[in-house]
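Hi,

Here is the structure I said I would pass on to you. Have a look at it first, and then read my notes underneath.

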Amino acid sequence: ACTATVTNPVSEKPILSITNELDKTLNVSPGSTVTYTVKATNTGPAAAPNMFVALSAPDPATGLASITWTCVPPTAPQGIACSEVTFDNTDPNAPIAKLANPVPVGSFVTLKGVAVVSTTLQSDDSVSLKATDGTNPAVHDCHVTTTCEATATFKVTKPELKITNQVLPSSQVAPGSGVTYT
């Protein structure tokens with residue numbers, strides 16, 4: 001009899017999951033601020049060395065006049081301390097959050113970006129910001145059950161200004177008498 005053994009290789013690379021949320025997605029006016037919350041989690045099966053989260057850079061022509069990124073101190077034991085996170089802004093087109101030490105399985109880092117919406121935008125313009133796993137693919141895997149990038153989008157609404165002018169009293173006025181405009 002002839003026997004055969006088939007082995008399916010299992011990745012030992014960490015798998016990262018990234019989420020990206022906005023504090024508001026509607027009724028955002030030019031010149032106002034929006035806050036992005038990006039969370040990167042190592043879902044396993046191994047610690048994630050050299051973890052980077054790449055963030056879209058501000059671009060007034062596409063919607064964000066500026067953005068300031070900070071680390072959110074963890075409130076859960078699995079959270080990564082902010083002292084482990086540094087921001088590399090040497091390339092203004094690709095700011096990156098770097099984690100100093102390997103990220104254990106189940107651990108996460110939360111980043112907050114406060115952005116100023118460009119004043120050149122028009123009503124119904126959409127603005128998106130993408131966060132991606134910026135780590136070398138030889139080190140980490142994207143997996144079908146997680147997402148290695150996340151995009152948050154908002155829509156711009158410009159308030160409409162309507163001015164009306166009314167004269168009181170609205171009936172005929174005798175010459176020399178006063179009127180009130182409201």
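**What I found**

V179 counts as partly exposed, because its relative accessibility is 37%. You will find V179 in the loop between β10 (167–168) and β11 (180–181). I begin there since V179 belongs to a nonpolar surface patch, which V179 makes together with V167, V173 and Y181. The patch covers about 330 Å².

Before you go further, please keep in mind that this is a predicted model.

Now for the overall layout. The protein has 11 strands and 0 helices, so if you read along the sequence you get β-β-β-β-β-β-β-β-β-β-β. The protein has 182 residues, and 33% of them count as buried.

What about the inside? The largest nonpolar core has 33 residues, and the ones that touch the most other members are Y36, V53, V109 and F154. Several elements give two or more residues to this core: β1 (16–22), β2 (33–42), β3 (52–55), β4 (64–71), β6 (96–99), β7 (108–117), β8 and β9.

Next, the charged side chains. How many salt bridges does the count come to? There is 1 salt bridge. The partners are E149 and K130, whose side chains meet at 3.9 Å, N to O. E149 lies in strand β9 (residues 149–155) and K130 in strand β8 (residues 126–133), so this pair ties together parts that are 19 residues apart in sequence. E149 is partly exposed, with a relative accessible area of 40%, and K130 is partly exposed too, at 36%.

Another charged residue to look at is K39. It lies over the face of F108, at 4.2 Å from the ring centre. As for rings paired with rings, the count comes to 0 aromatic pairs.

Two spots in the backbone are also on my list:

- The peptide bond from G44 to P45 is cis, with omega near 0 degrees. P45 is found in the loop between β2 and β3.
- D124 has a positive phi of about 75 degrees, although D124 is not a glycine. Its place is in the loop between β7 and β8, and D124 counts as exposed because its relative accessible area of 56% is over the 50% mark.

Finally, here are some pairs of residues that you can check by their C-alpha atoms.

Start with P102, in the loop between β6 and β7. How far is the C-alpha atom of P102 from that of A48? They are separated by 5.0 Å, while the two residues are 54 residues apart along the chain. P102 itself is partly exposed, with a relative accessible area of 48%.

Then go to N27, which is found in the loop between β1 and β2. The C-alpha atoms of N27 and S123 are separated by 9.5 Å, and these residues are 96 residues apart along the chain. Is N27 buried or exposed? At 63% relative accessibility, N27 counts as exposed.

The last pair is T132 and T147, which are 15 residues apart along the chain and have their C-alpha atoms separated by 8.8 Å. T132 sits in strand β8, the strand that also holds K130 of the salt bridge. T132 counts as buried, because its relative accessibility is 18% and the cut-off for buried is under 20%.

If you want a route through the model, you could begin at the surface patch made by V167, V173, V179 and Y181. From there, go to the core around Y36, V53, V109 and F154, and then to the E149 and K130 salt bridge. The cis bond from G44 to P45 and the positive phi of D124 can come after that.

Happy to go through any of this with you.

Best wishes

Key: Residues are numbered from 1 along each chain as its sequence is written. This is a predicted model: local features need pLDDT of at least 70, side-chain atom pairs count only at pLDDT 80 or more; totals for chains, interfaces and linings use all residues. Side-chain values use heavy atoms; hydrogens and water are left out. A salt bridge is a side-chain nitrogen of Lys or Arg within 4 Å of a carboxyl oxygen of Asp or Glu. Helices (H or I, at least four residues) and strands (E, at least two) are DSSP runs, numbered from the N terminus. Buried means under 20% relative accessible area, exposed over 50%, partly exposed in between (1.4 Å probe, protein chains only). Patches are made of residues with over 30% relative accessible area and no salt bridge: like charges are joined within 9 Å, nonpolar side chains (Val, Leu, Ile, Met, Phe, Trp, Tyr) within 5 Å. Accessible areas come from the Shrake-Rupley method with a 1.4 Å probe; for residues, only the protein chains shown count as cover. Rings of Phe, Tyr and Trp (its six-membered ring) pair if their centres lie within 6.5 Å; planes under 30 degrees apart count as stacked, over 60 as edge-to-face and the rest as tilted. A charge sits over a ring if NZ of Lys or CZ of Arg is within 6 Å of the ring centre and within 35 degrees of the ring normal. A nonpolar core is a set of buried Ala, Val, Leu, Ile, Met, Phe, Trp, Tyr and Cys residues joined through side-chain atoms within 4.5 Å.
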